[in-house]
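Open the structure in your viewer and get ready to click along. We will go stop by stop, selecting a few residues each time.

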Amino acid sequence: MYKPNIPVISLLILSFAAVLLRSQSIYPSRYDGFVYKKRAASTDTVLIEAFYDPVCPDSRDSWAPLKQAVDHYGPTVVSLIVHTFPLPYHDNAFITSRVLHIVNDLNSSATYPLLEAFFKYQNQFYNAKTNNISRAAALDKVIGFASRTLGNSIQSAIRSGFSDTKTSIKTRVSFKYGCMRGVYGTPFFFVNGFLVPFSDDDMIDYNGWRKIIDPLTTKGKNEYPLTIF
């Protein structure tokens, strides 16, 4: 996650968010984000929200330990929602985020497999790999990748999704929502609505997530006592 000068970027984001709030004339039809394994997010669980860019290396590297921790606790203890936050300096961030929204509408069970495929083969969509092709060709590349990952039978549906303005709106809503939460890079994490301190130089591993989550649950309280940041 590239970290520019924080006071300057925070001021810019606050100003941008204010403009977005004024320009957002309608409310989203439902809460933003992809619910992990279709487990209904609940205030009775520890709720983790992650803001990811599908073509961000730090997002990729942070996913495996978070997934392992969420799976360790199970749906009655921890809920996870991932929000897309396409960074403007990643050329293919918006279209890879948008195809996740398209696929989520087609089959929500396929959303996370596609996200993990983007993470695994992320280098195909780095700026340098698509600098010399048109935007239409880059879009074809994303559609082809998603279709090969999930099954060629849905290629036409994915392509049609890019012609539907609703999928563009959903992708922009995710970005706007992140801005309003103070997100300025990826990954960003919130636990029960509170920002998790995070550094690129100190990635949260599985044990790190255990230390954050355990004190909030009845499972493992004695192993990891609560820490107040």
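**Stop one: two crossing helices**

Helices α2 and α9 cross in a right-handed way. Keep in mind as you look that this is a predicted model. To see the crossing, select residues 57-73 for α2 and 206-213 for α9: their axes lie 8 Å apart, at an angle of about 50 degrees. That angle makes α2 oblique to α9, because angles of 65 to 115 degrees would be needed for roughly perpendicular and under 35 for roughly parallel. Now show side chains: α2 makes the contact with P65, L66, Q68, A69, H72 and Y73, while α9 brings Y206, W209, R210 and I213.

**Stop two: the sheet**

Next, colour the strands. You should find an open sheet of 5 strands with mixed pairing, in the order β1-β3-β2-β4-β5. What stands at the edges? β1 and β5 (194-195) do, each with a single partner strand, so one side of each has no neighbour in the sheet. Helix α4 packs on this sheet and touches β1, β2 and β3, with its direction at about 60 degrees to that of β3.

Zoom in on residues 46-52 (β2) and 188-191 (β4), which pair in the antiparallel sense over 4 bridges. Here E49 is opposite F190 of β4.

**Stop three: an enclosed helix**

Finally, select residues 93-106, helix α3. Its 14 residues should span 20 Å at 1.5 Å a residue, and its end C-alpha atoms are indeed 20 Å apart. Of these 14 residues, 10 are buried, so α3 is largely enclosed by the rest of the structure. Among the buried ones are A93, I95, L100 and V103. Show the surroundings too: the buried residues of α3 pack against elements including β1, β3, α4 and α8.

Technical notes
Residues are numbered from 1 along each chain as its sequence is written. This is a predicted model: local features need pLDDT of at least 70, side-chain atom pairs count only at pLDDT 80 or more; totals for chains, interfaces and linings use all residues. Side-chain values use heavy atoms; hydrogens and water are left out. The expected span of a helix is 1.5 Å times one less than its number of residues. Buried means under 20% relative accessible area, exposed over 50%, partly exposed in between (1.4 Å probe, protein chains only). Contact means heavy atoms within 4.5 Å. Two strands pair if DSSP finds at least two bridges between them. Axes are lines fitted to C-alpha atoms, for helices over the stretch in contact, and angles run from 0 to 180 degrees between N-to-C directions. Angles under 35 degrees count as roughly parallel, over 145 as roughly antiparallel, 65 to 115 as roughly perpendicular and the rest as oblique. A crossing is left-handed if the near helix is turned anticlockwise from the far one by less than a right angle, and right-handed if clockwise.
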